[in-house]
Amino acid sequence: MRIGEYALGGLEADQAAPHTIAIASRDQPAPQRAAFDSFQVEIDALLRFGIGKPIIARAAIAARNNGTTVERELLASGTVDPDSYYAGLARALRLSFLPPSTLR
């Protein structure tokens, strides 16, 4: 997933006018994409867990606005169950997962 597939204009959206899209011309350099490119590795990993593109796109926008990570925004929003997320992460790393209820 690349940011911009679901968010209007993605990074190219002008901050002053959020509903306009900046288009590069020969005289003007292409818009910078560094803000969301830093999330791309994290987004690619989340896609492998089966989390949907629209959910990840919303979390990436929130992460940019809040200065956090996409993962934190997904978990804070309640869209992704933390136990399921961490169990999937443990499976991907070939580790055991003990839910918090078993640790008491």
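Which residues in helix 2 meet Lys 53, Ile 56 and Ala 60 in helix 3? They are Ile 43, Leu 46 and Leu 47, where contact means heavy atoms within 4.5 Å. By class, this contact has five nonpolar, no polar and one charged residues. Here Ala, Val, Leu, Ile, Met, Phe, Trp, Tyr, Cys and Pro count as nonpolar, Asp, Glu, Lys and Arg as charged, and the others, Gly among them, as polar.

Before going on, please keep in mind that this is a predicted model, in which local features need pLDDT of at least 70 and side-chain atom pairs count only at pLDDT 80 or more, while totals for chains, interfaces and linings use all residues. Residues are numbered from 1 along each chain as its sequence is written, and side-chain values use heavy atoms, with hydrogens and water left out.

**How the helices meet**

Helices (H or I, at least four residues) are DSSP runs, numbered from the N terminus. The axes of helix 2 and helix 3 come within 10 Å and cross at roughly 150°; axes are lines fitted to C-alpha atoms, for helices over the stretch in contact, and angles run from 0 to 180 degrees between N-to-C directions. Helix 2 is therefore roughly antiparallel to helix 3, a term for angles over 145 degrees.

**The core**

A nonpolar core is a set of buried Ala, Val, Leu, Ile, Met, Phe, Trp, Tyr and Cys residues joined through side-chain atoms within 4.5 Å. Buried means under 20% relative accessible area, exposed over 50%, partly exposed in between (1.4 Å probe, protein chains only). The largest core has 13 residues, and among those touching the most other members are Ile 43, Leu 46 and Val 70. Helix 2, helix 3 and helix 4 each give two or more residues to this core, and the largest share, four residues, comes from helix 3. Leu 46 touches Ile 51, Ile 56, Val 70, Leu 74 and Tyr 85, not counting residues up to four places away in sequence.

**Helix 4 and its surroundings**

In helix 4 (residues 70-77), Val 70, Glu 73, Leu 74 and Leu 75 are buried. Their cover includes helix 2 (40-48), helix 3 (53-66) and helix 5 (82-92). Ala 62, in helix 3, lies 11 residues from Glu 73 in sequence and 6.6 Å from Glu 73 in space, C-alpha to C-alpha.

Finally, here are two residues with a positive phi.

| Residue | Place | Phi |
|---|---|---|
| Gly 78 | follows helix 4 | near 85° |
| Arg 94 | segment after helix 5 | about 60° |

Arg 94 has this positive phi although it is not a glycine. Arg 94 counts as exposed because its relative accessibility is 78%.

Definitions and conventions
Parallel < 35°, antiparallel > 145°, perpendicular 65-115°, else oblique.
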